[in-house]
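I opened this structure to look up a handful of local features. My entries follow in the order I made them.

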Amino acid sequence: MLVLAIFIVGALLLGSPRTPLSAPEPQLPPEAVPVAATFSNTTPPGSITRPISTTQAIVALQPISQGAPFSAGAIGHREWPANNLPPNAIADEVEAIGQVAQTDIVQGQVIVRDMLAAATSATGVPNGDFGYGIQVDPQGNTTANIKHLKTLRMNWVKFQMPWREVEPDSGRYQWTDWDTLIEAYAAAGLNILLTIADAPHWSRPPEDSIDVDGFPQDAADYAQFVAQVADRYQGRVQAIEVWEEQNIYYSVGGQGRVDPAAYTDLLKQAYTAIKAVNPDMIVVSGGLAPTSAPPPMALDDVAYLRQLYANGAQPYLDAVGAHPSALPTRRMPSTRAATLIPPVVTTITAVSSFAIRWKPTGRSMVENGDEAKAIWPTDFGWAVRRTEDPRFEFAQENTPAEQAEYTLNAFEMGQTWGWVGPMFLGNLDYNLTAPDTGRANFGILNTPTYDALVTRGLGHQAVADLSPVAAGSDVVIVLDISGSMAAEDFAPNRLEATKTVIHNFVDTYQDGNIGYMTFAGQVVSRIQPTTDKELLAGIVDLTKLAWDIGLDSGTAIGDGLSEAIEMLQLSPANRQAVIFITDGTNNAGQVEPLTAAKEAAKLDIRV
Amino acid sequence: MVGVAQEVPARLVFPDGRAEYRDPEIDEATLTAIANATGGDYFRAVDAAALQTIFEQIGKDLSTP
């Protein structure tokens with residue numbers, strides 16, 4: 001029974017669609033994602049001081065696209081509040097000249113070291129650099145999903161490409177759908193990881209169980225296929241992951257077939273064939289599943305990795321793939337899983353579980369002299385139960401709020417550690433594309449996790465680094481989302497009518513940065529003043545009423561105004577203003593409206 | 001400061017589907033006081049078109065030194 005539970009976890013991690021890409025496009029509900037709910041930091045309003053000391057920062061004088069070189073005219077000095085300079089900001093233009101941009105850089109953004117990439121890498125994406133990514137269902141809504149990735153400000157996307165779908169018969173290929181998909185995401189400036197597994201039946205050894213995935217009889221067939229992918233998508237796909245979860249029986253042809261030596265051979269042949277046609281393609285070893293189940297079902301992931309090195313895999317991988325999380329991690333005395341998961345796991349916090357799942361992976365790399373390579377978490381995430389399926393009973397142990405917190409923390413940890421490459425959250429959209437499956441438990445669309453990533457995730461930090469580009473006024477728009485905003489005296493109601501007008505304003509206002517805040521009985525979400533109109537307009541469109549995102553429906557005018565003032569505290573523009581939209585009476589919060597107004601007046605902020 | 005509400009009771013549909021007519025609750029005295037204290041203006045919109053016009057006016061005010 002221990003084995004069984006562990007495998008359920010592994011199966012969830014795999015998360016592969018295993019269905020043809022040519023299947024009918026699922027009907028998606030209309031876009032409706034609430035802006036951050038209970039997850040905003042409610043900074044207590046206090047004394048507010050204007051910055052007086054400034055320093056010189058190196059900022060982008062024009063937008064710089066990912067992969068573009070930093071030229072002398074593209075960056076320059078600008079005065080910057082000394083207490084708001086990112087710690088890793090470069091001190092001198094010389095540090096950037098001759099390098100290329102690691103990500104898209106917005107005009108006015110402070111140049112930090114993480115944005116620099118060596119120009120020698122043709123992809124501009126060295127394998128050791130951190131990245132911010134998510135796994136997306138290739139059958140999902142491409143247009144909507146690209147917009148979501150932009151809103152999340154992620155720079156990597158992962159797709160699982162089933163080999164058997166693209167080469168259903170030996171030598172006969174079906175590229176069309178993949179060409180369209182990859183073209184769209186690459187054109188949007190996203191880096192792409194393709195995880196390639198799922199061997200076609202014609203390639204499998206006769207003794208294999210066809211009910212599960214498995215290696216081909218001849219590894220050269222796989223190598224030939226992945227090389228075609230690497231050649232076909234030159235410059236558009238940045239990385240290929242060779243198989244996944246090959247330490248569990250369902251990925252390798254059945255029980256008793258877990259075999260690090262066989263995988264090493266597959267990896268060697270694939271790596272050699274890929275590099276022959278596309279030396280810039282980053283080759284990642286297949287992410288190993290977290291399992292302590294014994295043979296013949298599985299092999300512990302760290303033990304497996306050690307055997308890969310023992311078999312001579314080191315020269316044939318640019319980065320080590322790992323699937324470091326998703327064990328149910330709260331105490332679960334009432335569920336079946338409680339008896340099945342080792343107690344040590346159930347008593348530690350989710351995030352430290354995440355860390356201990358992959359730090360040993362790093363240790364075994366160090367033991368083998370491979371510490372210069374990054375670990376790529378090609379799948380991580382926490383399930384929240386949304387479907388009634390007894391096999392996923394454990395998923396109810398994570399609440400939506402916990403899923404959001406764990407996910408934010410994991411990205412932050414990965415970014416901080418320095419030896420982590422792109423991280424791929426599983427998943428964006430399975431709750432829409434596969435709503436009645438266990439995979440749906442991992443999808444983040446329309447969940448607090450999505451909202452938390454938009455308003456507090458790593459991408460949001462980049463937004464906060466923006467500086468003003470115009471001499472006019474920086475402005476924060478504050479919108480009341482209390483229940484009375486649903487009143488229908490405006491068409492279709494007060495909230496929707498106001499959102500449309502704010503969207504228009506964001507599109508047309510040219511004279512400063514715009515920030516955005518929503519509030520009801522408390523401040524609900526905040527976007528720091530930014531020039532990124534696309535981001536702002538997208539977030540305005542997503543705004544929902546407080547009671548539709550599970551929040552109390554009071555009207556805290558004083559608190560809202562006080563926090564809006566705080567958001568303008570670091571604005572170096574000449575003038576600051578707040579546009580405050582409400583239909584109510586102050587009936588919640590700590591700060592009296594007129595007290596906040598006096599504070600604004602003191603700071604010369606017009607409301 | 002921008003107030004959004006008509007002068008007459010407005011239909012409000014609750015999450016449970018129940019609907020009722022509610023009088024405006026807007027506290028114009030406080031909103032006007034905030035605007036006056038900070039050198040801003042108080043605007044009242046009674047429909048979407050008026051709100052659009054108000055935002056265009058605010059945009060102009062912010063862009064003019």
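In which loop of chain A is Pro492(A) found? I traced Pro492(A) to the loop between β13 (473-480) and α14 of chain A. I note here that I am working from a predicted model.

**Cis peptide bonds**

I looked at Pro492(A) for its backbone. The peptide bond from Ala491(A) to Pro492(A) is cis, and I read an omega near -10°. I also noted a cis peptide bond between Gly426(A) and Asn427(A), where omega is about 15°. I placed Asn427(A) in the loop between β12 (422-425) and α11 (430-433) of chain A.

**Positive phi**

I then turned to residues with a positive phi. Asn446(A) is not a glycine, yet I found its phi to be positive, at about 60°. Asn446(A) sits in the loop between α11 and α12 of chain A. Its relative accessible area is 32%, so I entered Asn446(A) as partly exposed.

Trp243(A), also not a glycine, has a positive phi of about 65°. I located Trp243(A) in the loop between β8 (239-242) and α6 (260-277) of chain A. Is Trp243(A) buried or exposed? I logged Trp243(A) as buried because its relative accessible area is 0%.

**Aromatic pairs**

Trp243(A) led me on to the rings. Ring pairs link it into a cluster with Trp163(A), Tyr173(A), Trp175(A), Trp202(A), Phe215(A), Tyr222(A), Phe225(A), Tyr233(A), Tyr263(A) and Tyr304(A).

How many aromatic pairs does a search of the whole structure find? I have 25 aromatic pairs down for the whole structure, over all chains. I checked Tyr132(A) and Phe411(A), which form an edge-to-face pair with 4.7 Å centre to centre and 80° between the planes. This pair links distant parts of the chain, since Tyr132(A) is in strand β5 (residues 131-135) of chain A and Phe411(A) is in helix α10 (residues 400-417) of chain A, 279 residues apart. Tyr132(A) has 5% relative accessibility and therefore counts as buried. Phe411(A) has a relative accessible area of 1%, so I put it down as buried too.

I next looked up Tyr173(A) and Trp175(A), an aromatic pair that is stacked, with 5.6 Å centre to centre and 15° between the planes. Tyr173(A) counts as partly exposed because its relative accessibility is 23%. Trp175(A) counts as buried at 9% relative accessibility.

**Charges over rings**

I looked for charged side chains over ring faces. Arg439(A) lies over the face of Tyr430(A), and I read 4.8 Å from the ring centre. In chain B, Arg18(B) lies over the face of Phe14(B), at 4.3 Å from the ring centre.

**Helices of chain A**

I went back to chain A for helix α12 (residues 448-456). Seven of its nine residues are buried, so I describe α12(A) as largely enclosed by the rest of the structure. The buried residues in α12(A) are Thr449(A), Tyr450(A), Asp451(A), Ala452(A), Leu453(A), Val454(A) and Thr455(A).

How do two packed helices get described? I use the angle between their axes and the distance between the axes. For helix α2 (residues 142-152) and helix α4 (residues 176-187) of chain A, I noted an angle of about 30° and axes 10 Å apart. Angles under 35 degrees count as roughly parallel, so I wrote α2(A) and α4(A) down as roughly parallel to each other. I recorded the crossing in which α2(A) passes α4(A) as right-handed.

**Loop and hairpin before the end of my list**

I looked up Gln510(A), which lies in the loop between α14 (494-508) and β14 of chain A. Gln510(A) counts as exposed because its relative accessibility is 54%. The C-alpha atoms of Gln510(A) and Gly472(A) are separated by 8.4 Å, and the two residues are 38 residues apart along the chain.

I followed the chain into β14(A), which forms a hairpin with β15(A) with three residues between them. Strand β14 (residues 514-519) of chain A runs antiparallel to β15(A), and five bridges join the two. I picked out Thr518(A), whose bridge partner in β15(A) is Ser525(A). Strand β15 (residues 523-530) of chain A is mostly covered, with seven of its eight residues buried.

**Chain B**

I closed with chain B, where I noted two helices and four strands. Its elements run β-β-β-α-β-α from the N terminus on. Of its 65 residues, 40% count as buried.

Terms used. Residues are numbered from 1 along each chain as its sequence is written. Chains are lettered from A and ligands numbered from 1 in the order in which they are written. This is a predicted model: local features need pLDDT of at least 70, side-chain atom pairs count only at pLDDT 80 or more; totals for chains, interfaces and linings use all residues. Side-chain values use heavy atoms; hydrogens and water are left out. Buried means under 20% relative accessible area, exposed over 50%, partly exposed in between (1.4 Å probe, protein chains only). Two strands pair if DSSP finds at least two bridges between them. Rings of Phe, Tyr and Trp (its six-membered ring) pair if their centres lie within 6.5 Å; planes under 30 degrees apart count as stacked, over 60 as edge-to-face and the rest as tilted. A charge sits over a ring if NZ of Lys or CZ of Arg is within 6 Å of the ring centre and within 35 degrees of the ring normal. Axes are lines fitted to C-alpha atoms, for helices over the stretch in contact, and angles run from 0 to 180 degrees between N-to-C directions. Angles under 35 degrees count as roughly parallel, over 145 as roughly antiparallel, 65 to 115 as roughly perpendicular and the rest as oblique. A crossing is left-handed if the near helix is turned anticlockwise from the far one by less than a right angle, and right-handed if clockwise.
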